[in-house]
Amino acid sequence: MTTFAGAPTAADVVDAAERARIGGDVSRWPTKLGVRERIALLFDVDSFVEDGLMAHAMAGDLPADGVVTGVGRIEGRPVAVIAHDFGVKAGSWGALTCEKQIRILERADRDLLPVVYLVDSAGGRLTDQMGFFPGRRGASAIFQLQVKLSGRVPQLCCLHGPSAAGGAYMPAFCDWVGMVEGNGSMYLASPRIAEKTTGEITTLEEMGGAMMHATVSGCGDEVFTADWEAIAAARLLLSYLPDDFRAPPLRAEPVAPSRADWDGAVPVDPNAAYDVRDVIDRFVDGASFFEIKARWAPEMVVGFARLDGRVVGIVANQPMVRSGAIFVDSADKATRFISMCDAFNIPLLFLQDVPGFMVGVAVERAGIIRHGAKMITAMASAEVPKITVVLRKAYAAGFYAMCAPGFEPRATIALPTATIGPMSAEASVNAVYANKVAAITDETERAAYVEARSAEQRADINLLRMASDLVVDAVVEPEHLRTELVARLHDAEHFTRTTHRRHHPISPV
């Protein structure tokens with residue numbers, strides 16, 4: 001298991017047992033595999049049952065019409081698959097290609113099966129455009145079913161090759177997209193069409209490559225170096241998710257944290273940088289943190305982990321990047337992850353060290369208020385248990401967006417380093433007493449005045465006062481944080497929802 005801070009390696013995504021399952025020395029495997037090799041890697045041995053193998057049996061150049069569908073098992077759990085075969089007409093979609101994908105998605109909808117998409121397709125087959133494009137059983141029906149399944153069952157995508165034109169929306173409707181660097185791509189139009197249409201000259205990697213989508217657009221969740229790595233990561237991610245929206249994720253055996261040394265993990269200086277992932281590693285089950293969208297909007301860290309064997313979703317500010325302030329993309333990143341956790345009954349843990357939302361002309365024009373409202377709406381409407389931990393600073397509307405007490409977390413827990421307020425004491429003095437400070441000409445007198453006013457502000461937002469006023473439910477030492485969280489999650493594990501209908505779709509960012 002991994003934090004996926006960089007391009008994952010074999011050691012990151014495949015433990016010894018998984019290596020043995022898929023054949024031991026995976027380092028000798030080619031980067032790009034055939035469609036049936038991918039399926040063999042995805043499923044437990046001899047568990048895959050294929051549908052529609054004989055599609056286009058009368059056409060020797062279209063075996064299975066370019067897509068393999070069916071149901072297999074992953075760790076004993078039934079899972080549906082759509083796997084494109086780039087060796088057949090570049091994995092393009094014709095009438096039967098669409099029909100096979102529609103049928104397996106209808107089965108997933110009927111039986112509530114998770115779906116894994118192994119995408120490698122040039123898009124619609126233009127020689128069969130009446131088959132894939134306009135009709136009721138064409139590509140639009142595939143997307144309709146993907147949206148219908150959203151929030152009901154997990155949908156994971158391994159993008160092994162192109163996902164072109166309208167077909168680019170297949171990954172976009174999934175809950176997670178792992179892309180293979182150098183092969184995986186998503187684009188609505190090829191560079192050639194873009195040049196003809198707009199005059200823009202570009203490359204496929206620049207416009208729709210794996211690294212671009214993982215770092216700029218946010219459409220990709222992670223980048224891998226080979227097909228087998230992406231598939232292994234998808235299998236691992238599925239272990240954190242339930243079969244469908246009615247059930248909680250499966251528990252695992254508890255594991256002690258991989259680190260126990262808390263000295264200096266959260267600096268006292270509110271302006272000192274540190275990696276919040278190092279804090280996460282100190283209280284979650286060892287090596288259990290699975291980060292989502294690690295390369296995109298890195299000032300916000302989100303991902304799944306286990307606490308005493310229970311799956312939790314973590315939303316954390318990252319002080320080592322942009323001081324952990326919330327930007328447009330990081331608000332969207334949190335929004336999507338919160339929505340996913342709420343859909344699949346995964347408790348949410350918010351780790352606050354936030355100076356607030358970013359300010360300035362650029363972010364205002366980019367719609368920071370609108371994007372922040374989306375994040376707050378997702379957080380406020382989530383019905384799963386929520387717990388807030390204030391690690392250090394919790395300022396301004398950032399405190400609200402990261403699940404302040406008014407949004408009904410089960411508890412607001414603070415470390416001794418925590419400070420909660422509209423802004424820092426120094427910034428508050430500058431805002432309130434700017435004219436008075438400017439009027440003091442003697443530097444020593446001015447410094448003394450500023451320090452006196454700052455001390456008054458600090459006293460007003462003192463942590464013990466926050467606790468005595470019930471803003472904070474508990475102040476715990478860092479080494480006791482795990483015990484506190486495990487106990488509170490145990491007490492909340494029988495939570496109920498206000499309704500038994502499907503919660504909501506997981507909207508694309």
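This passage describes strand pairing, helix packing, nonpolar cores, an internal cavity and selected loop residues in a predicted model.

Strand E5 spans residues 155-164. Of its 10 residues, 10 are buried, so the strand is largely enclosed by the rest of the structure. E5 pairs with strand E4, which covers residues 115-121. The two run parallel and are joined by 6 bridges. Within this pairing, Tyr-117 has Cys-157 of E5 as its bridge partner. E5 also pairs with strand E6, residues 176-180, again in the parallel sense. Here 4 bridges are found. Cys-157 takes part in this pairing too, with Val-177 of E6 as its partner. A further parallel pairing links E5 to strand E7, residues 185-187, over 3 bridges. In that case Ser-163 is partnered by Met-186 of E7.

Helix H6 runs from residue 139 to residue 149. Its buried residues are Ala-139, Ala-141, Ile-142, Phe-143, Leu-145, Gln-146 and Leu-149. An α-helix has 3.6 residues a turn, so residues three or four places apart point the same way. The buried residues of H6 pack against both strands and helices. The strands are E4 and E5. The helices are H4 (95-111), H5 (129-132) and H7 (169-172). Just after H6, Gly-151 adopts a positive phi of about 80°.

Leu-145 gives a closer view of this packing. The residue lies in H6. Its relative accessibility is 9%, and it therefore counts as buried. Beyond its neighbours within four places in sequence, Leu-145 contacts Ile-102, Leu-105 and Glu-106. Glu-106 is 39 residues from Leu-145 in sequence. In space, their C-alpha atoms are 7.1 Å apart.

The nonpolar interior was examined next. The largest nonpolar core comprises 64 residues. Those with the most contacts inside this core are Leu-118, Trp-176, Phe-304, Val-315, Ile-326, Ile-338 and Leu-348. A second, separate core has 34 residues. Leu-105, Phe-132, Ala-139 and Ile-142 are among them. The surroundings of Trp-176 were also listed, leaving aside neighbours within four places in sequence. Trp-176 contacts Gln-155, Leu-156, Cys-157 and Cys-158. Other contacts of Trp-176 include Asp-221, Phe-224, Phe-290 and Ile-292. Ala-230, Ala-233, Ala-234 and Leu-237 are also in contact with Trp-176.

Rolling a probe the size of a water molecule over the atoms shows where empty space is left. The structure holds 1 cavity of 30 Å³ or more. The largest cavity has a volume of about 60 Å³. Its lining includes the acidic residues Asp-175 and Asp-221, together with Lys-293, Lys-333 and Arg-336. Ile-292, Val-302, Phe-337 and Met-340 complete the lining. By class, 5 lining residues are charged, 4 are nonpolar and none is polar. Helix H13, residues 328-343, gives the most to this lining, with 4 residues. Two of the cavity residues recur around Trp-176: Asp-221 and Ile-292 line the cavity, and both are in contact with Trp-176.

Three loop residues were considered individually. Pro-267 sits in the loop between helix H11 (227-238) and helix H12 (276-281). With a relative accessible area of 17%, Pro-267 is buried. Not counting residues up to four places away in sequence, Pro-267 touches Ala-272, Ala-273, Tyr-274, Arg-392 and Thr-417. Val-315 is 48 residues from Pro-267 along the chain, and their C-alpha atoms are separated by 20 Å.

The other two loop residues concern backbone geometry. Most residues other than glycine have a negative phi, and most peptide bonds are trans. Cys-403 is not a glycine, yet its phi is positive, at about 75°. Cys-403 is found in the loop between helix H16 (396-401) and strand E14 (411-414). At 0% relative accessibility, Cys-403 counts as buried. Leu-470 likewise has a positive phi, near 65°. Its loop lies between helix H20 (463-468) and strand E16 (474-475). Leu-470 counts as exposed, with a relative accessibility of 66%. Thus one of these positive-phi residues, Cys-403, is buried, whereas Leu-470 is exposed.

How values were computed. Residues numbered from 1 in each chain as written. Predicted model: local features only at pLDDT ≥ 70, side-chain atom pairs only at ≥ 80, totals over all residues. Heavy atoms only, no water. 1 Å grid on protein atoms, 1.4 Å probe; cavity = no way out; pocket = protein on both sides within 12 Å on 5 of 7 lines; lining within 4 Å. Points joined across faces, edges and corners; volume = space filled by probe spheres on them. Nonpolar A, V, L, I, M, F, W, Y, C, P; charged D, E, K, R; others polar. Buried < 20%, exposed > 50% of the residue type's maximum accessible area, 1.4 Å probe, protein only. Pairing = 2+ DSSP bridges. Contact = heavy atoms within 4.5 Å. Core = buried A, V, L, I, M, F, W, Y, C linked by side-chain atoms within 4.5 Å.
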